[in-house]
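Student: Could you pick one part of this structure and take me through it closely? After that, I would like to hear about the rest in one connected account.

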Amino acid sequence: MSAEPRLVEVRKNVLKQNDVIARALRQQYRRAGVLAVSMVSSPGSGKTAFLEKTLTILRSKYRVAALVGDLATENDAARLARSQVPVKQIITGTVCHLEAAMVQAALEDWSLDALDFLFIENVGNLVCPASYDLGEDLRFVLLSVTEGEDKPLKYPTIFNSADVAVITKSDLAAAVDFDEGLARANIQAVRPGIEIFKLSSKTEEGIEPYTNFLEDRLVRSRAAAIA
Amino acid sequence: MHELSIAMSIVEMAQEEAERHSHAHVQAVHLKLGRLSGVVKEALLSSYEMACQSTLLEGSQLVIEEIPVEVYCPECRVARLVRSIQWFCCPECGAYTPDVLRGKELEVVALELTQ
């Protein structure tokens, strides 16, 4: 028995298992020509309303579907079913974020070939989802005008991990004295160069540039897959 | 709070490694933790203690090396450490940069084992 400990090198990513599945999902999306978009935000920032509006607009031209993560209820899926596209709820139980394996399991009986867009709504949480790659092509982070302009500075990790920022509930901006310039500056400070959309799911103000952007990204992602 | 599930993954990885080394006893796990990993050091340390309970790692130590956030400055054309993760810009010239080189690590680098 030697009492002197020996150091053994390991060098393994703790989230390796998640990353391996995420990579496999990304390849599946690419092969099927699907643009996968995930959405993260605080609870109550309007994710479900935003997703419902997105699905309703896109479904006239595209084949769309959504996965919705929630801690305990199926309320969101029921709401989103009104958009008349395939929606599946992932109930995470006590888990505060989605992981790639949950997405993979939820997709098991769906054919990606039959889709153009797949939306994945994460659990309302600006902390934990930051660590988990879901294989998505684009990660959207939402910030509603009622939350305060400094939210990006309070949660820099999740904002930094996002590809697109969306300022939601723009119809309420005047009522809460929302300082758009400051919010944009804060978002850019934690994620320089990020694309920002400001819109209202209720009045549809600002929706068109956003859906145009999605359509453009779908075309570009398919072109890249062929090249 | 996802630190407990992360801690459980660390314990699991360490156990597998220890088995590969003729079931050695794990004294300590060395971890690299980036400031942008989304994992909080203090929460992870207390979660680790919980995750170790009733396992072969009970009583072992989690040694965390925190990795600062390093970005590439497009103006100075060198790697720089950011002063704050609320401000992704070069600390020298102030240029904004989205290019993160280091700081997202969540990696078990080594184990201290005894037979």
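Tutor: Happy to. Let's start with a right-handed β-α-β unit that is made by β7(A), helix α7 (residues 180-190) of chain A and β8(A). Right-handed here means that, with the strands pointing away from the viewer, the path from the first strand over the helix to the second runs clockwise. Helices (H or I, at least four residues) and strands (E, at least two) are DSSP runs, numbered from the N terminus. This is a predicted model, in which local features need pLDDT of at least 70 and side-chain atom pairs count only at pLDDT 80 or more, while totals for chains, interfaces and linings use all residues. Residues are numbered from 1 along each chain as its sequence is written, and chains are lettered from A and ligands numbered from 1 in the order in which they are written.

The two strands of the unit run parallel, with four bridges joining β7 (residues 164-168) of chain A to β8(A); pairing requires that DSSP finds at least two bridges. In this pair, A:Val166 stands opposite A:Phe197 of β8(A).

Follow the chain out of β8 (195-198) and you enter the loop that leads to α8 (207-226) of chain A, where A:Glu204 sits. Most residues other than glycine have a negative phi. A:Glu204, though not a glycine, has a positive phi near 70°. A:Glu204 counts as partly exposed because it has 13 C-beta neighbours inside 10 Å. The scale behind that label counts other C-beta atoms, placed from the backbone, within 10 Å of a residue's own: buried takes 20 or more, exposed 12 or fewer, and partly exposed lies in between.

Beyond the loop, helix α8 of chain A holds A:Ser221. A:Ser221 is also partly exposed, since 17 other C-beta atoms lie within 10 Å. Setting aside neighbours within four places in sequence, A:Ser221 is in contact with A:Leu35 and A:Asp137; contact means that the C-beta atoms, placed from the backbone, lie within 7 Å. Between the C-alpha atoms of A:Ser221 and A:Ser42, which are 179 residues apart along the chain, the separation is 28 Å.

Now to another helix of this chain. Helix α1 (residues 16-32) of chain A has 17 residues, which at 1.5 Å a residue should span 24 Å, and its end C-alpha atoms are indeed 24 Å apart; the expected span is 1.5 Å times one less than the number of residues. Which residues of α1(A) are buried? They are A:Asn18, A:Ile21, A:Ala22, A:Leu25 and A:Tyr29. They cover an arc of only 105° around the axis, so they are on the same side of α1(A); the arc is that of the directions from the helix axis to the C-beta atoms. An α-helix has 3.6 residues a turn, so residues three or four places apart point the same way. The buried residues pack against β2 (35-40) and α4 (100-107) of chain A, whereas A:Gln27 and A:Arg31 are exposed on the other side of α1(A). Just after this helix, A:Gly33 has a positive phi of about 70°.

Stepping back to the whole of chain A, there are eight helices and eight strands. Its radius of gyration is 19 Å, which agrees with the value near 17 Å that a compact globule of 227 residues would have; the radius is taken over C-alpha atoms, and the globule rule is 2.2 Å times the number of residues to the power 0.38. The C-alpha trace of chain A spans about 75 × 40 × 40 Å along its principal axes. Of its 227 residues, 46% are buried.

Chain B has two helices and six strands, in the order α-β-α-β-β-β-β-β from the N terminus. Chain B is more spread out than a compact globule, because its radius of gyration is 17 Å, well over the 13 Å that the rule gives for 115 residues. Its C-alpha trace spans about 50 × 30 × 15 Å along the principal axes, and 36% of its 115 residues are buried. In the loop between α1 (3-20) and β1 (25-34) of chain B lies B:His23, with a positive phi of about 55° although it is not a glycine. B:His23 counts as exposed, because it has 11 C-beta neighbours inside 10 Å.

Finally, the two chains meet in a contact that takes 30 residues from chain B and 30 residues from chain A. On the chain B side, α1 and β6 (106-114) each supply at least two residues, and the largest share, nine residues, comes from β6(B).
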